[in-house]
Amino acid sequence: MLAWLNRTVGVSVLVGVAAWWAPQRADACSPDFCYESGEFVAFEIANETVSTEGVLLIGGSTLGGPGLPLETVQSLVEITVTDSGGNPVDGSIDGIQGVYTWRPTSPLPAGETLTVAYSVTPEDENCADPLAGTDTVVVVDEPLPTVALPELTFSADFRLQPSRSLDSLVCCDGAYPENLCGSADWFDGYCVSSQGTGLATARIDLTSVDPELTTTTRLEFVIDGELFRARKLLDLPEAPVFSYQRSSAFELVVRVVDLATGEAIESEVFVADGGEEGALGSQGLDVTAELEESCEAQPYVCQHDGSIWDQSACTPYGDDGETTESASDGEDTFVTDGGDGGFETNGDETGDTDADSGSGSGGDAAADDTGGCSVGGSPAWGTLALFGLFGLRRRRG
């Protein structure tokens with residue numbers, strides 16, 4: 001055994017979680033401003049019927065993100081409604097970010113068949129095409145269905161996410177990582193992270209939804225008393241409906257809101273706290289065993305200028321298995337909701353997930369320090385990161 005390994009070491013439970021993500025190649029990293037734009041790529045009126053007191057729900061699908069602001073939708077989308085005699089029916093586009101409706105000025109006439117013509121001008125024609133079409137909706141003389149929560153399940157867990165920063169790496173065998181699109185990469189040798197972030201995770205799944213409510217209500221997710229995301233019940237994938245993670249404890253409430261009246265009903269308060277005191281936030285990882293198994297020569301750490309390790313300014317990694325200083329103290333957040341989420345950066349929080357591939361498409365995204373870069377431009381790139389661990393692996397040139 002090599003001299004630097006010739007000692008008894010204690011193997012921490014954290015070693016297993018220090019297994020790393022496969023580093024991204026530079027040619028797989030490029031800006032993807034369209035992916036989170038929220039542009040409409042398909043458009044329709046979701047209702048087949050509507051109550052005389054109801055509103056029309058705008059369906060279709062969008063690119064990732066939480067959706068366009070309501071004011072933007074009002075400026076880009078034009079809806080004209082006429083009755084069976086060709087007479088115009090007055091109304092306007094309403095709603096909140098992510099869930100939009102057409103609200104009539106006065107109650108709709110029972111028994112009428114409405115013709116709804118629409119046109120959509122993309123905010124950026126590089127991201128989406130203009131859309132136009134017509135739908136028909138029958139007005140029924142029936143009361144609005146009673147607002148009720150869908151059957152749902154809540155689960156909370158803990159996740160330890162190794163850092164991607166150059167400051168956190170310990171390397172060996174000729175690995176000198178560089179910062180490519182905000183993430184460490186190298187082409188020889190082996191590296192492991194000595195720092196991670198403990199994250200409290202929460203997940204909501206729906207087991208049953210009343211079909212009558214899919215076009216008359218919206219689902220809202222409230223984090224620590226603030227509305228975080230709104231979803232159409234019509235779009236919801238099988239699972240997960242919503243996932244979120246953060247480096248501090250948080251409370252989550254699910255709320256169902258009637259689109260016509262605003263009446264709301266809330267779930268109980270769900271708590272995600274990581275399950276163990278002191279486990280959240282910045283954590284040092286014992287990587288001794290990982291280095292023993294994977295390195296042929298003594299590991300080292302190097303100084304860097306923010307872009308690449310300086311090969312002339314390296315020192316042997318401590319014989320006592322000491323960890324390096326943490327370089328990230330932000331709160332990482334991550335949300336996946338299968339359709340109306342987006343990459344969020346709120347105050348001192350960095351990262352999010354909810355990147356997604358559009359309404360009803362089940363897309364995921366990973367909490368990430370890419371600084372505006374996406375990996376490969378693929379909506380599925382974050383799926384493996386949802387509740388798994390990133391792993392660094394040796395890369396041979």
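1. A good place to start is the disulfide of Cys171 and Cys191: the torsion about its S-S bond is about 105 degrees, so this link is right-handed. Its two ends sit in distant parts of the chain, 20 residues apart, with Cys171 in strand β13 (residues 169-172) and Cys191 in strand β16 (residues 190-193). The two sulfur atoms are 2.0 Å apart. If you look for them on the surface, bear in mind that Cys171 is buried and that Cys191 is buried as well. Please keep in mind throughout that this is a predicted model.

2. How many disulfides are there? The count comes to four. A disulfide here is a pair of cysteine sulfur atoms within 2.5 Å, and Cys34 and Cys127, with their sulfur atoms 2.0 Å apart, form one of them. The link of Cys34 and Cys127 is left-handed, with -80 degrees about the S-S bond. Cys34 belongs to the loop between β1 (29-31) and β2 (40-42), and Cys127 to the loop between β10 (113-120) and β11 (131-140), so the pair ties together parts that lie 93 residues apart in sequence.

3. Are the cysteines of that loop-to-loop link buried or exposed? Buried means under 20% relative accessible area. Cys34 has 15%, so it counts as buried, and Cys127 has 14%, so it is buried too.

4. Another disulfide joins Cys302 to Cys314, with an S to S distance of 1.9 Å. Its torsion about the S-S bond is about 95 degrees, so the disulfide is right-handed. Cys302 lies in strand β25 (residues 300-304) and Cys314 in strand β26 (residues 309-316), and the two are 12 residues apart. Cys302 is buried at 9% relative accessibility, whereas Cys314 is partly exposed at 28%.

5. The strands that hold Cys302 and Cys314 deserve a look of their own. β25 and β26 run antiparallel and are joined by four bridges. One pairing to find on screen is that of His304 with Trp309, its bridge partner in β26. Together β25 and β26 make a hairpin with four residues between them, and in the turn Gly306 has a positive phi of about 100 degrees.

6. Now for a sheet elsewhere in the chain. In what order do the strands of the open sheet of five strands run? The order is β3-β11-β10-β6-β7, and the pairing is mixed. β3 and β7 (88-89) stand at the edges with a single partner strand each, so each has one side without a neighbour in the sheet. At the β7 end, strand β6 (residues 77-82) pairs with β7 in the antiparallel sense over two bridges. There, Thr82 stands opposite Pro88 in β7.

7. The other edge strand, β3, leads on to the largest pocket. This pocket has a volume of about 350 Å³. Of its 21 lining residues, the closest to the centre are Thr49, Pro145, Glu212, Thr215 and Thr216. Which element gives the largest share of the lining? That is strand β3 (residues 49-51), with three residues. Sorted by class, the lining has 10 nonpolar, seven polar and four charged residues.

8. To revisit the model, you might begin with the left-handed link of Cys34 and Cys127 and the right-handed link of Cys302 and Cys314. From there, strand β3 is a handy landmark: an edge of the five-stranded sheet and a contributor of three residues to the pocket lining.

Terms used
Residues are numbered from 1 along each chain as its sequence is written. This is a predicted model: local features need pLDDT of at least 70, side-chain atom pairs count only at pLDDT 80 or more; totals for chains, interfaces and linings use all residues. Side-chain values use heavy atoms; hydrogens and water are left out. On a 1 Å grid over the protein atoms alone, a cavity is a set of points where a 1.4 Å probe fits but cannot get out, and a pocket is an open set with protein on both sides within 12 Å along at least five of seven lines; lining residues have an atom within 4 Å of a point. Grid points are joined across faces, edges and corners, and a volume is the space filled by probe spheres set on the points. Ala, Val, Leu, Ile, Met, Phe, Trp, Tyr, Cys and Pro count as nonpolar, Asp, Glu, Lys and Arg as charged, and the others, Gly among them, as polar. Buried means under 20% relative accessible area, exposed over 50%, partly exposed in between (1.4 Å probe, protein chains only). Two strands pair if DSSP finds at least two bridges between them.
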